Amino acid sequence: MRGIHDWSGQTVLDIGCGTGFHLPRFAADAARVIGVEPHPPLLRQARQRVSELAGPIEVLRGTAQALPLPPSSVDVVHARWAYFFGPGCESGLTELARVLRRGGTAFVIDNDATRSTFGSWFRRALPAYDPAAVERFWARQGWHHVPLDIRWEHPDRESFESVVRIEFAPEVAEAALAEHPGNSVDYAVNLLWRTY
Ligand SMILES: C[S@@+](CC[C@H](N)C(=O)[O-])C[C@H]1O[C@@H](n2cnc3c(N)ncnc32)[C@H](O)[C@@H]1O
């Protein structure tokens with residue numbers, strides 16, 4: 001992401017920031033960081049996380065479809081596994097165009113269901129999911145696409161199993177765990193981005 005748009009000294013918006021895990025990472029170099037999160041328990045956790053940090057970081061309640069920010073107020077948007085999943089996120093795209101300054105960049109990170117062991121579990125969990133339709137959607141909107149290979153690495157099998165069971169319904173989780181030994185899994189994701 002930094003190679004595409006360096007956010008040093010700029011304003012970064014993390015949409016669907018969850019517990020705010022990524023906010024301190026952006027704050028290390030950005031001039032201002034804003035997290036937006038609709039779910040009250042996660043909003044509280046994100047606020048708690050940033051309360052311990054110095055610097056201009058805030059977490060606002062809101063959604064991708066109605067961002068609580070003025071027009072042309074942000075340089076970089078980041079949305080990781082949050083709302084921007086392809087067809088159906090058009091209202092959020094309209095909001096990106098409103099809040100991003102000219103020359104700003106939006107980044108979306110989402111699963112690549114066409115590759116990797118995790119991708120095969122994802123397809124099993126969502127048989128109606130059509131990766132080709134999602135790819136066509138982003139291409140039509142003028143977004144670039146960078147395939148990335150990441151891994152889940154856990155300290156032990158128990159922790160790995162617990163996260164697989166959070167991520168998938170019992171049937172899919174138990175089948176995946178039965179066929180997959182160890183504490184880690186290869187996970188293909190897509191980095192999607194567009195400059196405004
Ligand atoms: C899988 S979590 C990812 C959290 C965070 N981005 C991360 O990578 O750790 C999905 C997040 O999207 C949020 N979310 C759900 N609907 C949303 C919407 N319409 N607009 C913005 N965020 C949304 C959820 O509340 C949740 O925090």
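## A pocket with a helix in charge of the count

Helix α5 is the biggest giver to the lining of the second largest pocket, with five residues. Keep in mind as you look around that this is a predicted model. Besides α5 (131-140), both β5 and β7 supply at least two residues of that lining.

The volume of this second largest pocket is about 200 Å³. It has 15 lining residues, and those closest to its centre are Pro131, Val134, Glu135, His145 and Asn190. Sorted by class, the lining is a mix: eight nonpolar, four polar and three charged residues.

## The largest pocket

Now for the largest pocket, which holds about 460 Å³ of space. Its lining includes Trp81, Ile109, Phe118, Leu148, Ile150, Trp152, Val163, Tyr187 and Val189, along with Arg80, Arg151 and Glu167. By class that makes nine nonpolar and three charged residues, with no polar ones.

Which elements give two or more residues to this lining? They are β6 (144-153), α6 and β7. Strand β6 provides the largest share, four residues.

How do you find such spaces at all? Rolling a probe the size of a water molecule over the atoms shows where empty space is left.

## Two nonpolar cores

Next, the inside of the protein. In soluble globular proteins, nonpolar side chains tend to be buried together. Here, the largest nonpolar core has 32 residues, and Trp121 and Val164 touch the most other members. Several elements each supply at least two of its residues: the helices α1 (23-27), α2 (40-51), α4 (116-125), α6 (157-167) and α7 (170-179), plus the strands β3 (57-61), β5 (100-111) and β7 (184-195). Of these, β7 brings the largest share, five residues.

Try picking out Val164 on the structure. If you skip its neighbours within four places in sequence, Val164 is in contact with Trp121, Trp152, Ala173 and Leu177. Apart from this core lies another one, made of 25 residues, including Val74, Cys89, Leu96 and Trp138.

## Histidine 78, tucked away

Strand β4 (residues 74-80) is home to histidine 78. Is this residue buried or exposed? Histidine 78 counts as buried because its relative accessibility is 0%.

What does histidine 78 touch? Not counting residues up to four places away in sequence, the list is Met1, Leu13, Asp14, Ile15, His22, Phe26, Phe107 and Ile109. There is also a polar contact, at 2.9 Å, between the side chains of histidine 78 and arginine 80. You have met Arg80 already, as one of the residues lining the largest pocket.

## Some loop residues

Phenylalanine 21 sits in the loop between β1 (11-15) and α1. With a relative accessibility of 41%, phenylalanine 21 counts as partly exposed. Between the C-alpha atoms of phenylalanine 21 and proline 71 there are 26 Å, and the two residues are 50 places apart along the chain.

Two other loop residues have a positive phi even though neither is a glycine. One is serine 72, with phi near 50°, in the loop between β3 and β4. Serine 72 is partly exposed, since its relative accessible area is 44%. The other is tyrosine 83, with phi of about 65°, in the loop between β4 and α3 (90-99). Tyrosine 83 is partly exposed too, at a relative accessible area of 24%.

Note on methods:
Residues numbered from 1 in each chain as written. Predicted model: local features only at pLDDT ≥ 70, side-chain atom pairs only at ≥ 80, totals over all residues. Heavy atoms only, no water. Core = buried A, V, L, I, M, F, W, Y, C linked by side-chain atoms within 4.5 Å. Buried < 20%, exposed > 50% of the residue type's maximum accessible area, 1.4 Å probe, protein only. Contact = heavy atoms within 4.5 Å. 1 Å grid on protein atoms, 1.4 Å probe; cavity = no way out; pocket = protein on both sides within 12 Å on 5 of 7 lines; lining within 4 Å. Points joined across faces, edges and corners; volume = space filled by probe spheres on them. Nonpolar A, V, L, I, M, F, W, Y, C, P; charged D, E, K, R; others polar. Polar contact = N/O pair within 3.5 Å; in protein donor to acceptor, adjacent residues only side chain to side chain.
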